[in-house]
Amino acid sequence: MNGPTTPHHVGHGLIVGGSGFLGTELVRQASAAGHRVAATFATRPCDGPEAMWHEVDLRDDGRVKEVVASLAPCVVINASSGRANWAVTAEGSVRLAMTAVKYDCRLVHVSSDAVFSGSRVHYDESCLPDPVTPYGAAKAAAETGVRLLAPAAVIVRTSLIIGGIQSEHVRLVHDLATGSRTGALFTDDVRCPVHVRDLAAALLELAFTDACGVHHLAGGDAVSRHGLGVLIAQRDGLDASRLPKGLRAGTSLSGALDVRLDSRATQAKLRTRMRGVHEFL
(Lines give C-alpha, C1' and ligand atoms only; values in the text may rest on other atoms or scores of the structure.)
Protein backbone atom coordinates (compact mmCIF):
# COMPACT_ATOMS: atom_id res chain seq x y z
CA MET A 1 0.00 0.00 0.00
CA ASN A 2 1.51 3.31 -0.98
CA GLY A 3 0.96 6.69 -2.51
CA PRO A 4 -0.38 9.97 -1.16
CA THR A 5 -4.07 10.48 -0.71
CA THR A 6 -4.71 13.74 -2.51
CA PRO A 7 -8.40 14.26 -3.38
CA HIS A 8 -9.38 14.51 -7.03
CA HIS A 9 -12.22 16.64 -8.30
CA VAL A 10 -15.75 15.35 -8.70
CA GLY A 11 -15.97 13.64 -12.04
CA HIS A 12 -17.50 10.92 -14.16
CA GLY A 13 -17.34 7.41 -12.71
CA LEU A 14 -18.13 3.97 -14.09
CA ILE A 15 -19.28 1.31 -11.63
CA VAL A 16 -18.75 -2.14 -13.14
CA GLY A 17 -21.18 -4.55 -11.51
CA GLY A 18 -23.44 -1.66 -10.56
CA SER A 19 -26.53 -3.83 -10.22
CA GLY A 20 -24.99 -5.97 -7.47
CA PHE A 21 -25.30 -5.42 -3.73
CA LEU A 22 -22.11 -3.36 -3.37
CA GLY A 23 -22.50 -1.79 -6.81
CA THR A 24 -25.98 -0.49 -6.02
CA GLU A 25 -24.66 1.28 -2.92
CA LEU A 26 -21.70 2.69 -4.85
CA VAL A 27 -24.07 4.11 -7.48
CA ARG A 28 -26.28 5.63 -4.79
CA GLN A 29 -23.43 7.28 -2.88
CA ALA A 30 -21.55 8.48 -5.95
CA SER A 31 -24.68 10.08 -7.36
CA ALA A 32 -25.51 11.69 -4.02
CA ALA A 33 -21.98 13.14 -3.91
CA GLY A 34 -22.52 14.86 -7.24
CA HIS A 35 -20.57 12.53 -9.51
CA ARG A 36 -21.88 11.73 -12.96
CA VAL A 37 -22.38 7.99 -12.73
CA ALA A 38 -22.55 5.22 -15.31
CA ALA A 39 -22.95 1.60 -14.31
CA THR A 40 -22.86 -1.81 -15.92
CA PHE A 41 -25.08 -4.85 -15.45
CA ALA A 42 -24.89 -8.43 -16.68
CA THR A 43 -28.55 -9.45 -16.58
CA ARG A 44 -30.74 -6.55 -15.52
CA PRO A 45 -30.22 -2.85 -14.65
CA CYS A 46 -31.38 -1.37 -11.39
CA ASP A 47 -34.36 0.96 -11.17
CA GLY A 48 -33.75 4.61 -10.44
CA PRO A 49 -32.32 7.69 -12.11
CA GLU A 50 -28.93 7.66 -10.37
CA ALA A 51 -26.94 6.19 -13.26
CA MET A 52 -26.75 5.61 -17.00
CA TRP A 53 -26.93 1.83 -17.42
CA HIS A 54 -24.93 -0.27 -19.89
CA GLU A 55 -25.10 -4.02 -20.44
CA VAL A 56 -21.57 -5.41 -20.27
CA ASP A 57 -20.24 -8.96 -20.14
CA LEU A 58 -16.63 -8.86 -18.92
CA ARG A 59 -15.89 -11.84 -21.16
CA ASP A 60 -16.61 -9.67 -24.21
CA ASP A 61 -13.44 -7.70 -24.92
CA GLY A 62 -15.01 -5.60 -27.65
CA ARG A 63 -17.97 -4.58 -25.50
CA VAL A 64 -15.75 -3.65 -22.55
CA LYS A 65 -13.63 -1.40 -24.77
CA GLU A 66 -16.69 0.08 -26.49
CA VAL A 67 -18.34 1.17 -23.24
CA VAL A 68 -15.18 2.55 -21.61
CA ALA A 69 -14.14 4.40 -24.77
CA SER A 70 -17.57 5.96 -25.24
CA LEU A 71 -17.90 7.09 -21.61
CA ALA A 72 -14.29 8.15 -20.99
CA PRO A 73 -14.74 7.94 -17.20
CA CYS A 74 -12.09 9.40 -14.94
CA VAL A 75 -12.59 6.52 -12.49
CA VAL A 76 -13.62 2.88 -13.00
CA ILE A 77 -14.60 0.82 -9.94
CA ASN A 78 -14.77 -2.92 -10.55
CA ALA A 79 -17.35 -4.20 -8.06
CA SER A 80 -18.41 -7.12 -10.25
CA SER A 81 -18.89 -10.60 -8.83
CA GLY A 82 -18.28 -13.49 -11.17
CA ARG A 83 -17.79 -15.83 -8.21
CA ALA A 84 -15.69 -18.85 -9.24
CA ASN A 85 -16.20 -18.20 -12.96
CA TRP A 86 -12.58 -17.82 -14.09
CA ALA A 87 -13.50 -16.15 -17.39
CA VAL A 88 -15.36 -13.37 -15.55
CA THR A 89 -13.58 -13.00 -12.19
CA ALA A 90 -9.99 -13.48 -13.35
CA GLU A 91 -9.81 -12.86 -17.10
CA GLY A 92 -12.61 -10.29 -17.11
CA SER A 93 -10.92 -8.22 -14.40
CA VAL A 94 -7.62 -8.31 -16.27
CA ARG A 95 -9.40 -7.31 -19.48
CA LEU A 96 -10.99 -4.36 -17.67
CA ALA A 97 -7.63 -3.31 -16.22
CA MET A 98 -6.04 -3.33 -19.69
CA THR A 99 -8.90 -1.21 -21.01
CA ALA A 100 -8.69 1.25 -18.12
CA VAL A 101 -5.00 1.76 -18.77
CA LYS A 102 -5.56 2.16 -22.52
CA TYR A 103 -8.12 4.93 -21.98
CA ASP A 104 -6.27 6.53 -19.06
CA CYS A 105 -8.93 5.77 -16.42
CA ARG A 106 -8.14 5.43 -12.74
CA LEU A 107 -9.03 1.91 -11.56
CA VAL A 108 -10.28 0.64 -8.22
CA HIS A 109 -10.48 -3.14 -8.14
CA VAL A 110 -12.48 -4.88 -5.40
CA SER A 111 -10.93 -8.14 -4.21
CA SER A 112 -11.70 -10.52 -1.36
CA ASP A 113 -10.32 -12.15 1.76
CA ALA A 114 -10.86 -15.41 -0.17
CA VAL A 115 -7.36 -14.92 -1.60
CA PHE A 116 -6.01 -16.20 1.74
CA SER A 117 -5.83 -19.76 3.09
CA GLY A 118 -6.33 -18.83 6.75
CA SER A 119 -3.04 -20.50 7.72
CA ARG A 120 -1.84 -17.35 9.51
CA VAL A 121 -5.31 -15.99 10.55
CA HIS A 122 -4.27 -12.32 10.63
CA TYR A 123 -3.51 -10.66 7.27
CA ASP A 124 -2.33 -7.13 6.54
CA GLU A 125 -1.77 -5.53 3.14
CA SER A 126 1.75 -6.96 2.80
CA CYS A 127 0.55 -10.59 2.88
CA LEU A 128 0.72 -12.49 -0.41
CA PRO A 129 -2.31 -14.47 -1.62
CA ASP A 130 -2.37 -18.24 -1.04
CA PRO A 131 -5.88 -19.22 -2.11
CA VAL A 132 -7.38 -22.66 -1.50
CA THR A 133 -10.66 -22.37 -3.46
CA PRO A 134 -11.46 -21.76 -7.15
CA TYR A 135 -13.03 -18.41 -6.25
CA GLY A 136 -10.00 -17.38 -4.21
CA ALA A 137 -7.69 -18.43 -7.04
CA ALA A 138 -9.66 -16.37 -9.56
CA LYS A 139 -9.56 -13.33 -7.26
CA ALA A 140 -5.82 -13.78 -6.66
CA ALA A 141 -5.17 -14.05 -10.40
CA ALA A 142 -7.17 -10.86 -10.95
CA GLU A 143 -5.06 -9.07 -8.33
CA THR A 144 -1.85 -10.19 -10.03
CA GLY A 145 -3.05 -9.03 -13.43
CA VAL A 146 -4.21 -5.66 -12.13
CA ARG A 147 -0.95 -5.04 -10.28
CA LEU A 148 1.12 -5.84 -13.38
CA LEU A 149 -1.01 -4.00 -15.94
CA ALA A 150 -2.24 -1.06 -13.86
CA PRO A 151 0.34 -0.29 -11.17
CA ALA A 152 -1.42 2.97 -10.29
CA ALA A 153 -4.66 1.13 -9.51
CA VAL A 154 -6.10 0.55 -6.05
CA ILE A 155 -6.77 -3.07 -5.10
CA VAL A 156 -9.14 -3.38 -2.15
CA ARG A 157 -9.58 -6.64 -0.28
CA THR A 158 -12.74 -6.85 1.79
CA SER A 159 -14.73 -9.43 3.75
CA LEU A 160 -18.39 -10.38 4.26
CA ILE A 161 -20.52 -7.42 3.15
CA ILE A 162 -23.53 -6.80 5.38
CA GLY A 163 -26.54 -4.52 5.08
CA GLY A 164 -30.24 -5.17 4.59
CA ILE A 165 -32.01 -8.16 3.13
CA GLN A 166 -30.25 -7.56 -0.21
CA SER A 167 -27.08 -8.96 1.39
CA GLU A 168 -26.71 -12.68 0.65
CA HIS A 169 -25.45 -13.23 4.20
CA VAL A 170 -28.50 -11.52 5.71
CA ARG A 171 -30.86 -13.46 3.41
CA LEU A 172 -29.28 -16.73 4.53
CA VAL A 173 -29.85 -15.88 8.18
CA HIS A 174 -33.51 -15.00 7.51
CA ASP A 175 -34.03 -18.21 5.56
CA LEU A 176 -32.43 -20.38 8.23
CA ALA A 177 -34.31 -18.68 11.07
CA THR A 178 -37.66 -19.14 9.32
CA GLY A 179 -36.94 -22.69 8.20
CA SER A 180 -37.19 -21.90 4.48
CA ARG A 181 -33.65 -23.14 3.90
CA THR A 182 -31.63 -25.97 5.43
CA GLY A 183 -28.02 -25.73 6.46
CA ALA A 184 -25.89 -24.51 9.33
CA LEU A 185 -23.91 -21.48 10.42
CA PHE A 186 -20.43 -22.50 11.47
CA THR A 187 -18.95 -21.49 14.81
CA ASP A 188 -15.36 -22.03 13.60
CA ASP A 189 -15.62 -20.01 10.35
CA VAL A 190 -14.41 -16.50 11.25
CA ARG A 191 -14.30 -13.27 9.24
CA CYS A 192 -14.33 -9.48 9.77
CA PRO A 193 -17.68 -8.32 8.29
CA VAL A 194 -18.07 -4.83 6.86
CA HIS A 195 -21.17 -2.71 6.37
CA VAL A 196 -21.94 -2.00 2.73
CA ARG A 197 -22.34 1.75 3.40
CA ASP A 198 -18.90 1.97 5.04
CA LEU A 199 -17.26 -0.05 2.29
CA ALA A 200 -18.83 1.96 -0.54
CA ALA A 201 -17.88 5.27 1.11
CA ALA A 202 -14.28 4.13 1.62
CA LEU A 203 -14.00 2.87 -1.96
CA LEU A 204 -15.22 6.20 -3.30
CA GLU A 205 -12.83 8.04 -1.01
CA LEU A 206 -9.90 5.97 -2.31
CA ALA A 207 -11.11 6.34 -5.90
CA PHE A 208 -10.72 10.10 -5.81
CA THR A 209 -7.24 10.14 -4.30
CA ASP A 210 -3.81 9.26 -5.62
CA ALA A 211 -3.53 6.13 -3.46
CA CYS A 212 -2.37 2.96 -5.21
CA GLY A 213 -1.54 -0.63 -4.41
CA VAL A 214 -3.23 -3.07 -2.04
CA HIS A 215 -5.58 -1.86 0.69
CA HIS A 216 -7.73 -3.72 3.22
CA LEU A 217 -11.25 -2.56 4.03
CA ALA A 218 -12.99 -4.75 6.59
CA GLY A 219 -14.62 -4.24 9.95
CA GLY A 220 -12.59 -4.30 13.13
CA ASP A 221 -14.53 -7.14 14.79
CA ALA A 222 -13.80 -10.80 14.07
CA VAL A 223 -16.90 -12.96 14.39
CA SER A 224 -17.95 -16.48 13.41
CA ARG A 225 -20.64 -17.08 10.82
CA HIS A 226 -22.94 -18.23 13.61
CA GLY A 227 -22.09 -15.23 15.79
CA LEU A 228 -22.82 -12.97 12.83
CA GLY A 229 -26.12 -14.76 12.29
CA VAL A 230 -27.15 -14.22 15.89
CA LEU A 231 -26.42 -10.48 15.62
CA ILE A 232 -28.41 -10.20 12.37
CA ALA A 233 -31.33 -12.15 13.87
CA GLN A 234 -31.39 -9.90 16.93
CA ARG A 235 -31.33 -6.77 14.77
CA ASP A 236 -34.12 -8.01 12.53
CA GLY A 237 -36.40 -9.40 15.24
CA LEU A 238 -35.82 -13.06 14.40
CA ASP A 239 -35.48 -15.96 16.85
CA ALA A 240 -31.72 -16.48 17.02
CA SER A 241 -32.19 -19.77 18.87
CA ARG A 242 -33.60 -21.26 15.65
CA LEU A 243 -30.33 -20.75 13.79
CA PRO A 244 -28.67 -24.15 13.26
CA LYS A 245 -24.98 -24.24 14.06
CA GLY A 246 -22.11 -26.59 13.38
CA LEU A 247 -18.39 -26.97 12.81
CA ARG A 248 -17.07 -26.41 9.33
CA ALA A 249 -13.94 -28.38 10.19
CA GLY A 250 -16.09 -31.51 10.28
CA THR A 251 -17.40 -31.05 6.73
CA SER A 252 -15.97 -31.65 3.27
CA LEU A 253 -16.29 -27.97 2.39
CA SER A 254 -13.12 -26.37 1.06
CA GLY A 255 -11.89 -22.92 1.98
CA ALA A 256 -10.27 -21.04 4.82
CA LEU A 257 -11.64 -21.26 8.34
CA ASP A 258 -10.31 -18.15 10.05
CA VAL A 259 -9.32 -15.09 7.98
CA ARG A 260 -9.06 -11.71 9.70
CA LEU A 261 -8.17 -8.74 7.52
CA ASP A 262 -6.10 -6.12 9.32
CA SER A 263 -7.33 -2.81 7.93
CA ARG A 264 -5.53 -0.48 10.33
CA ALA A 265 -2.97 0.83 7.82
CA THR A 266 -5.68 1.72 5.31
CA GLN A 267 -8.00 3.09 7.98
CA ALA A 268 -5.31 5.51 9.14
CA LYS A 269 -5.41 7.21 5.71
CA LEU A 270 -9.19 7.52 5.44
CA ARG A 271 -11.87 9.84 6.76
CA THR A 272 -14.44 7.05 6.40
CA ARG A 273 -14.54 4.90 9.54
CA MET A 274 -14.91 1.16 9.09
CA ARG A 275 -17.23 0.09 11.90
CA GLY A 276 -17.04 -3.33 13.51
CA VAL A 277 -19.99 -5.68 13.36
CA HIS A 278 -20.82 -5.18 17.03
CA GLU A 279 -21.35 -1.48 16.29
CA PHE A 280 -23.39 -1.63 13.10
CA LEU A 281 -25.58 -4.60 14.04
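## A chat about strand β7 and its surroundings

Guide: In this predicted model, five of the five residues of β7 are buried, so the strand is largely enclosed by the rest of the structure.

Visitor: Which residues of β7 are on one side, and which are on the other?

Guide: Val-154, Val-156 and Thr-158 are on one side, while Ile-155 and Arg-157 are on the other, and because all of them are buried, with both faces of β7 covered, the strand counts as largely enclosed.

Visitor: What sheet is β7 part of, and in what order do the strands come?

Guide: Strand β7 belongs to an open sheet of seven strands, which are paired in parallel and follow the order β3-β2-β1-β4-β5-β7-β12. The edge strands are β3, covering 52–55, and β12, covering 213–217, and each of these pairs on one side only. On average, neighbouring strands of this sheet are turned by 20° against each other, if direction is ignored.

Visitor: How many bridges link β7 with β5, and how many with β12?

Guide: Strands β5 and β7 pair in the parallel sense over five bridges, and in this pairing Ser-111 has Arg-157 of β7 as its bridge partner. Strands β7 and β12 also pair in the parallel sense over five bridges, with Val-156 standing opposite His-215 of β12.

Visitor: And β4 with β5, how many bridges there?

Guide: Strand β4, residues 75–78, pairs with strand β5, residues 106–112, over four bridges in the parallel sense, and Val-76 stands opposite Leu-107 in β5.

Visitor: Which strands does helix α4 lie across?

Guide: Helix α4, made of residues 134–149, lies across β5, β7 and β12, and it runs at about 155° to β5.

Visitor: Let's move along from β7 to Ser-159. Where is it, and is it buried or exposed?

Guide: Ser-159 sits in the loop between β7 (154–158) and β8 (161–162). With a relative accessible area of 8%, Ser-159 is buried, because buried means a value under 20%.

Visitor: What is Ser-159 in contact with, if we skip its neighbours within four places in sequence?

Guide: Ser-159 is then in contact with Asp-113, Arg-191, Cys-192, Pro-193, Val-194, Leu-217, Ala-218 and Leu-261. For Cys-192 there is a further detail, since its backbone nitrogen lies 3.5 Å from a polar atom of the Ser-159 side chain.

Visitor: New topic, helices. At what angle do α2 and α3 pack?

Guide: Two packed helices are described by the angle between their axes and by the distance between those axes. Helix α2 (residues 61–71) and helix α3 (residues 86–102) pack at an angle of about 35°, with 10 Å between their axes, and α2 passes α3 in a right-handed crossing.

Visitor: Which residues make that contact?

Guide: On the α2 side they are Asp-61, Val-64, Lys-65 and Val-68, and on the α3 side they are Arg-95, Leu-96 and Thr-99. Sorted by class, this contact has three nonpolar, one polar and three charged residues.

Visitor: Where is Ala-72, and what is its phi?

Guide: Ala-72 is in the loop between α2 and β4, and its phi is near 50°, a positive value in a residue other than glycine. Most residues other than glycine have a negative phi. Ala-72 has a relative accessible area of 55% and is exposed, because exposed means over 50%.

Visitor: And what about Arg-83, what is its phi?

Guide: The phi of Arg-83 is near 50° and therefore positive, in a residue other than glycine, and Arg-83 is placed in the loop between β4 and α3.

How values were computed
Residues numbered from 1 in each chain as written. Predicted model: local features only at pLDDT ≥ 70, side-chain atom pairs only at ≥ 80, totals over all residues. Heavy atoms only, no water. Helix = DSSP H or I, 4+ residues; strand = E, 2+ residues; numbered from the N terminus. Buried < 20%, exposed > 50% of the residue type's maximum accessible area, 1.4 Å probe, protein only. Polar contact = N/O pair within 3.5 Å; in protein donor to acceptor, adjacent residues only side chain to side chain. Contact = heavy atoms within 4.5 Å. Axes fitted to C-alpha atoms, helices over the stretch in contact; angles between N-to-C directions. Left-handed = near helix turned anticlockwise from the far one by under 90°. Nonpolar A, V, L, I, M, F, W, Y, C, P; charged D, E, K, R; others polar. Pairing = 2+ DSSP bridges.
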